[in-house]
Amino acid sequence: MEPVKGKLDVNHELTLKEFPYIIQWRDDRCKRCGQCTAVCPVKAIVPDLRVDRVAGSEGPIPNPSVTRRVTQIVKQVHDIDRYCVGCAMCSLVCPNEAITPEFNPNHKFLFYKNRAGDAYKRGGRRNDPTPSTLDQLKFTRISMLTDPALDAGRHEFHLRTFLGRILPPESMPLKAENGMLVVDKNSDIFIPPVREIYPIMIGSMSVGALSPPMWEGLAMGVAYLNEELGMPVVMASGEGGMPPRLLKSRFFKYFILQIASGYFGWDEIVRALPDMVEDPAAIEIKYGQGAKPGDGGLLMSYKVLKLISEIRGVPMRVDLASPPTHQTKYSIEEAVAKMIQSMSMAWGFRVPVYPKISGTKTARAVLNNLARNPYAAALSIDGEDGGTGAAYNVSMDKMGHPIASNIRECYLDLVKQGKQNELPIIAAGGVGKKGNLAANVAALIMLGASAASIGKYVMQATADCLGDENNRCNLCNTGRCPRGITTQDPKLYRRLDSEKVAERLVDVFKAADVELKKIFAPMGRSTELPIGMSDGLSAGNEEIARKLGISYVC
Amino acid sequence: MSAKEKTHKEEKIINGKIDGQRVSSRVLEERIQNAIKEGARELYVIADGQHGIGGRIWPRGDHHNGTVHVKVEGPVGQRLGSMGMEGTEIIVHGSASDDVGWINCGSRITVLGDVTNGAHNAAAQGVLYVQGGAGARCDTLTKHNPRFAPPQSWYFRNVGDSFAEFKAGGISVICGVDPRNPDNILGYRPCVGMVGGVVYFRGPIRGYSAGDVRLAELTDEDWAWLTENMRPYLEAIDRKDYYRELTKNRNDWKKLVAHTPAEKNALKKKARTFSDFRVSAWDKEVGEGGIFAPYLDHERSLLPYITTGTERRNKPVWANGKYNPPCAYNCPTHIPTHKRTALIRQGKFVEALDLALEYSPLPATVCGQVCPNPCMQACTRGLYIDKPVDISALGALSLSLKAPKPAKKTGHKIAVIGGGPGGLSAAWQLALKGHTVDLYEEAAKLGGKLELCIPRERLPQAVLRKELERFQEIGVKVNLKNKIDNKKFEKIYKDHEAVIVACGAHAPRMIPFEGSADAAISAYDFLKGINAEKAPVLKKKHVVVIGAGNVGMDAACEAWRLGAESVTAVDVQKPAAFGKEMDAAAALGTKILWPKVTEKYDKKEKTIYFKDGSSLEASLVIVAIGETPITGFLPETIDRVKGSWVRVDETGRTTDPKVFAIGDATKPGLVTHAIGAGREVALRLHSELMHYDYMSEVTTPIPYGRVKTAYYERCVTETGEPEKDAARCLSCGSCRDCHMCENVCYWGAISRIEKPDGQFEYIVDADKCIGCGFCAGVCPCGIREMIENI
C-alpha cells in the first residue's frame with residue numbers, strides 16, 4: 001500500500017525483543033572509540049545519534065529554558081539480516097566493559113529469518129541446549145574390591161583401536177613356522193589393511209569449510225601428536241581435497257582422505273599419486289552427514305575465493321553444492337561395492353576404505369551390507385548433533401538420528417552375527433557437545449563404537465569457536481567467522497595462529513587421554529578398549545536405559 | 001596365658017603353636033602384648049605363619065622403658081613389624097612374607113632372608129635391613145616426617161617391579177649383590193609418582209619413571225652417609241665382609257631422586273615448542289610457508305582484531321555530492337536547491353539566485369508560481385522535521401535576475417519547434433552554450449500553455465512577461481506565428497543540425513457522449529478563451545467539469561470567477577488533482593464526485609446524467625481530460641505512439657537520430673517536466689556537438705535515513721525568508737563543512753584540507769582509521785559512506 005509519503009517510520013520494524021541477542025550498551029562507560037562497531041562481524045551495531053531535550057526551570061517561578069544535546073551512541077540495528085549473533089566480539093575489544101550482547105530466551109528469530117523466502121541457513125550444530133543422551137550416561141561399574149582396579153596414573157595404558165576389517169582367526173591364512181604361528185604371505189586370501197589408531201579421530205572438516213590456519217593448525221597438531229608424543233591420532237580431510245604439499249609429505253599417513261559426492265579436489269589427489277611417499281590412514285566415502293542428513297556438502301560463495309577455487313578446481317565466488325548422494329549410485333550393494341573397490345584400487349588395496357553415513361534408521365541395513373563386503377573397512381555413523389559449516393537450519397534442527405541408540409543397534413546387530421570384533425563402527429555427532437569429550441567417547445565405546453570422531457568440539461577447544469546451541473554466532477556459512485576459523489578472508493583468518501591451534505589440539509588430546517584412563521582404569525581396563533562393555537554403563541532415565549539395553553540407576 | 005610359658009629375665013619365648021596347634025594371629029598378638037606389659041623386653045617368637053608380629057610395641061608394665069628385642073623364627077606371616085614403633089628391634093631368622101614393616105614408625109627390622117611384595121610400604125620412620133632380595137611394590141608410599149629421621153630400607157640383592165611408587169620420603173638402598181634379575185636390579189618402572197626421598201642403587205637398571213625422578217651421581221654427602229650407614233647394615237645382616245666391595249667405588253652407585261616441582265615444570269616445557277615443530281619438522285617436510293603457501297599471497301603474520309590501513313575490513317569514503325538531495329532529485333528540472341542554500345549560508349545571495357538560470361529560463365514563473373514544487377514535497381526537512389525549505393519563495397525572487405551571457409558562438413545551428421516551456425528551456429540552454437537557435441512558434445506570443453491556458457490568477461502576466469523578455473536577451477531567433485507543416489519541417493530539418501520538437505499538446509480530448517455537442521467545451525478551449533479575453537458569462541449557471549485533474553481544477557476556479565452558481569467536478573476514478581490547484585478549487589466551493597461515468601446530456605433539462613442513475617444540473621460542461629499533441633507535420637520516419645505522441649528513447653531522441661522531442665509532445669506532464677526535458681536534451685545534444693561524454697547530474701537520491709535529522713530542532717519560527725530557510729536546509733548529501741566527523745573520530749584520523757581550487761575535503765588518514773563508522777554515523781548530511789575495504 002502507498003504510504004503517506006515519508007511518514008512511515010517503524011510500522012514494519014521489529015522490536016529488539018524479537019532478536020536472539022540484545023546489545024547491552026552503557027553510555028556511562030563508553031568512550032566512543034568505535035572498536036566495537038569496527039569489529040562487529042555482522043554490523044549489528046552502528047554509531048548513531050541521540051537527542052536529549054529537556055525543558056527546565058530555574059528560580060522561584062516558572063522560568064523555562066530548554067537544553068538540547070545531541071550525543072553519539074552505539075545502537076543495535078533492527079534489521080533481521082543484521083541481527084546480533086551474540087559473538088561478543090564487541091565485549092572482547094571494548095576497553096571499558098561498556099558493551100555486551102545478552103541472550104534473549106524469548107526471541108522470535110525463526111519467525112522472521114525467512115526474508116525474501118530464503119530459508120534460514122547457518123553453520124554450527126543442532127540448536128538444542130539440553131544434554132544429549134551421551135551426557136546422561138554414567139559409568140557405574142567401578143572396580144574396587146571385586147576385581148583389581150587400575151590406577152590411571154600408575155598403570156600403563158594402551159588406548160588404541162583398530163581401523164580396518166579384522167579377519168576372524170579361522171579365516172586368517174596362518175601356518176606354523178619354527179613352532180610359531182605366522183601369517184602365510186603366499187596365501188591367496190586377502191588380508192584387509194588395518195591401522196592401529198587413537199580412538200578419538202578428528203572428523204571431516206574440509207579445506208574450504210575451515211580457513212587455512214585452522215586446517216593447517218589441526219594438521220600440524222596431528223603430526224605433533226603422532227611424531228612427538230606417539231599418539232596415533234588421525235584426521236579426516238573433508239571433501240575439499242588436500243593441498244598437494246601434504247599429499248606428498250610423510251605426514252600424509254596421519255590423514256584420512258574423504259571422497260564425497262562433489263568430488264572436489266580429486267584430480268589433484270590422483271595427480272599426486274606417483275609422488276606419494278606414504279599411504280593415507282584410510283579413505284572415507286561420505287554418503288551422509290549428521291548435521292544435515294540428505295543434504296550434500298555446501299560451501300557458500302563467500303568462501304570460494306582464490307585458494308578454494310584452485311584446490312577444488314572450481315570458479316571463484318560460486319556456491320558449491322555437492323549432490324545429496326553420489327550420482328552414480330543405483331543401489332546400496334552396487335554403490336558401496338563400486339566406491340570401496342575404486343578407492344581401494346587407488347592405493348593397491350593397502351588402505352582401509354569405509355563409508356560414512358548420517359545417523360538414520362536405515363543404518364543397520366547399510367551395516368549388514370558392509371558386513372558381507374570383504375573390502376569394507378568400517379562404518380562411520382554421524383549422529384544428529386554433528387556440526388557443519390553450512391546447512392539449512394531445518395536440516396540441522398530437525399533431521400537426523402541421535403548417535404547413541406543408532407550405534408547401539410548396529411553394534412548389537414554385529415554381535416548377533418558374531419562379527420562385533422571384525423567390523424569397527426565409528427561414532428560421531430555431538431561428541432563432547434557439553435565439553436565432556438572423554439566421557440562421551442568412553443560411553444560410545446562402551447555402547448559398541450570402536451572409535452569416535454569429533455569436529456565441532458575441536459573448533460571450540462582449539463580455536464575458541466564461539467558457537468553454541470543457543471544459536472550463538474553460527475556464522476560459519478557466511479565467511480565472516482570472527483575467530484578466523486571458518487572464513488577464507490585473510491583479514492579474518494589472519495587473526496588465528498595455526499601454532500596455537502596445533503598446541504591446543506595437543507592439549508585436548510593429552511587431557512582427553514588422561515580422562516579416558518580415569519574412566520577406564522576404575523573399570524579395570526587398560527590394554528583393550530571396553531568396546532561394547534555396556535554393563536559398565538547406566539542411565540538415570542529408564543527409557544534411555546531400556547532402549548540402549550543398559551541398566552537403569554537412580 | 002598358657003602355664004607352659006615361663007618368663008625369663010632375658011628372653012620370653014612365645015610359641016606360635018600350642019600343643020602342636022597353630023594359634024591365631026589374634027592370640028599370638030595378645031600374648032606378645034601381655035608379655036610386654038609384664039615387663040618382658042627380649043622376645044623369642046617361634047612363628048607359624050602368624051601376621052603382624054612385632055608391631056605396635058611400646059614398653060609398658062613395670063619397666064616403662066628399654067628396647068624390646070624380638071627374635072622371630074619359623075614361617076612368618078604378612079605384615080611383620082607393621083606399625084612398628086621406636087624401641088622395637090626385630091630380627092627375622094629367615095625370609096619374611098608381604099608388607100614387612102608396613103607403616104613402620106620407628107622399629108628396626110632385620111630380615112635375614114628375602115622379603116616378598118610390599119616391604120616397607122608406607123614406612124615413615126625406622127629401618128628395614130634385608131639380607132636377600134625383595135618382591136614387587138617395595139618401598140612404595142614411604143614418607144619422611146620432618147620431626148623424625150627418615151625411614152631407611154636396605155636390600156642386599158635386588159628389588160621387584162614397581163619399586164618406590166609414590167615414594168614421598170626416606171632412603172632406599174639396593175646393593176645389587178648377586179641379584180636374581182641381573183639385568184635390572186630395580187624391576188619394571190620404579191619410582192612412578194615418587195615425589196621425595198632417594199633411591200641409592202648399585203647395578204644395572206632398565207628405566208625408571210623419568211617424569212617423576214631423575215638419575216644422578218652420588219654427592220660427597222650421599223657417599224659419606226652411605227659408607228657410614230653401610231657398616232651397621234652389613235653387620236646386621238651378617239655380611240660385613242662385603243663392606244670393601246660395596247664401598248670401593250662411588251661410581252658403582254647411582255641415585256634416583258624426585259624432580260622438584262620446578263624441575264617438573266621445566267620438564268613439561270622441555271616438550272618441543274610448536275614454533276620449533278613448525279619450522280624444523282612441518283615446514284621442512286611440506287615446504288617453506290606450510291601446506292597452503294602456494295595459494296596464499298598475503299603476509300604470513302597475525303592480525304589484531306582492530307586494524308588500520310589496508311587491513312581494515314571497512315573504510316569510510318567521502319561521498320560528497322555522490323547522491324542527489326531529495327529536492328534536486330525530485331525536481332524534474334533538477335534545480336540544486338542544496339547548492340543555492342549553501343551559497344546563501346555563505347552570504348552569496350545573488351549567486352544563489354543566479355544558479356537557477358543555469359537550469360531554467362523561467363524560475364519565477366515556474367518555481368515561484370505555477371509549479372506544484374515536487375522539490376518541496378520531497379524535502380527531508382518537511383517530511384521528517386517540520387516544514388520544507390521554501391523553494392517556491394526562492395524561485396519568486398529570481399524574477400529580477402539579469403540574463404546570463406551566452407558563450408562564444410560555436411557555429412552549430414539548431415531548430416526548436418514550439419515556444420512553450422520545453423522549447424524555451426531547450427533553446428535557452430543551447431543558446432547559452434553558444435549555439436545558434438531558431439525557434440518556431442505557432443502562436444503570436446511565446447509561453448505555450450503558460451501563456452494560453454494557465455489562468456492569470458495563478459500566473460500573473462507580469463511575471464511571465466518579464467521572464468520571457470529575459471529569454472529574448474540571449475539571442476535566440478524567435479519566429480512567431482509560424483505554424484509548421486510537413487514542407488516547412490522538411491526545410492527546417494535540412495537547414496539545421498538538429499531539430500527539437502517541443503510542440504506541446506494542443507488537441508483537447510473530448511468524450512463522445514449523447515448530447516455532448518450541445519453543452520460541452522474542452523477545458524483547453526475554455527481556459528484559452530479566458531486568457532484571450534473571450535470569456536463566457538456564467539452568472540447563475542451550474543457548471544460541471546468532467547475530469548478532476550489539475551487542469552479541471554483550474555477550469556473550476558475560472559468558472560467560479562466567471563460567476564458560476566455552482567461548480568462540480570466529476571471523475572471516473574480517484575481525482576488526480578493535488579496541491580495549489582486542488583486547494584484553490586476546493587476553497588471556492590468546488591464539489592468533487594467520483595466515480596461518475598457520464599451517460600448523456602439533456603439540453604432541455606440542462607442536466608447531465610451518469611451511468612449510476614444520478615444526474616446534475618449543468619448549463620456548461622467542461623471536459624478536462626487532457627490534450628494530445630498535433631504532430632502531423634512530422635514525417636513518417638518519426639514514429640508516433642498511441643496516436644500522435646512522438647516516440648522517444650530515454651535520451652529524448654526520436655526514431656530519426658537528428659530529431660529530438662520533449663515535453664507534452666511525448667507524454668503529458670508538468671511545466672517543470674517540459675523544462676527539465678528541454679535542458680536534458682539540450683545538454684546531451686551539446687555534448688554530442690562538442691564531442692564529449694554527457695554526464696548527467698542526476699544520480700540516485702540519498703536515502704532519507706542517511707540524513708541525520710536529530711541535529712535539528714523543530715522550527716518554532718516562521719519560515720519563508722530565504723536567509724533563515726537556507727539555515728534550515730539539511731544539506732542532504734552535500735557537506736555543510738561542520739567538522740562533526742573530524743571531532744567525533746577518536747583516532748584523530750580525519751582532517752579538513754583545502755584544495756587549490758578553493759574546494760575543501762575531509763580526508764581520512766588510513767593509518768589511523770580503524771573503520772568504525774563513527775564519522776558516517778554522525779555526519780549530519782550523510783556524506784560519509786562505509787564501504788568494504790577491498
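## Domains of chain A

Chain A falls into two parts: domain 1 spans 16–118, while domain 2 is built from 151–463 + 498–516. Bear in mind as you look around that this is a predicted model. Taken over C-alpha atoms, the centres of domain 1 and domain 2 of chain A are 45 Å apart.

## A helix in chain A and its buried face

Let's turn to helix H9 of chain A, residues 363–371, whose buried residues are A:Ala363, A:Val366, A:Leu367 and A:Leu370. Looking down the axis of H9(A), you will find these buried residues within an arc of 100°, so they line one face of the helix.

What do the buried residues of H9(A) pack against? Their partners in chain A are two helices, H8 (332–346) and H11 (403–417), together with two strands, E17 (353–358) and E18 (379–382).

## Where the chains meet

The contact between the chains draws 48 residues from chain A and 42 residues from chain B. On the chain B side, helix H5 (274–286), helix H11 (380–384) and helix H24 (774–778) each provide at least two of the residues that touch chain A. H5(B) gives the largest share of that side, with eight residues. Sorted by class, the side of chain B that touches chain A holds 26 nonpolar residues, eight polar ones and eight charged ones.

## A parallel sheet in chain B

Chain B also offers an open sheet of five strands, ordered E21-E28-E22-E23-E24 and paired in parallel. Which strands sit at the edges, pairing on one side only? They are strand E21 (520–522) and strand E24 (591–593) of chain B. On average, neighbouring strands of this sheet are turned by 25° against each other, ignoring direction.

For a closer look at one pairing, take strand E22 (residues 542–546) and strand E23 (residues 566–570) of chain B, which run parallel and share five bridges. Here B:His542 has B:Ser566 of E23(B) as its bridge partner.

## Helices on the sheet

Two helices of chain B are worth viewing alongside these strands. Helix H18 (residues 523–531) of chain B lies across E21 and strand E28 (620–623), and runs at about 70° to E21(B). Helix H19 (residues 550–561) of chain B packs on the sheet as well, where H19 touches E22, E23 and E28 of chain B. The direction of H19(B) makes about 170° with that of E23(B).

How values were computed:
Residues are numbered from 1 along each chain as its sequence is written. Chains are lettered from A and ligands numbered from 1 in the order in which they are written. This is a predicted model: local features need pLDDT of at least 70, side-chain atom pairs count only at pLDDT 80 or more; totals for chains, interfaces and linings use all residues. Two residues are in contact if their C-beta atoms, placed from the backbone, lie within 7 Å. Helices (H or I, at least four residues) and strands (E, at least two) are DSSP runs, numbered from the N terminus. Ala, Val, Leu, Ile, Met, Phe, Trp, Tyr, Cys and Pro count as nonpolar, Asp, Glu, Lys and Arg as charged, and the others, Gly among them, as polar. A residue is buried if 20 or more other C-beta atoms lie within 10 Å of its own, exposed if 12 or fewer, and partly exposed in between; C-beta atoms are placed from the backbone. The arc is that of the directions from the helix axis to the C-beta atoms. Domain bounds come from an automatic or database domain assignment. Two strands pair if DSSP finds at least two bridges between them. Axes are lines fitted to C-alpha atoms, for helices over the stretch in contact, and angles run from 0 to 180 degrees between N-to-C directions.
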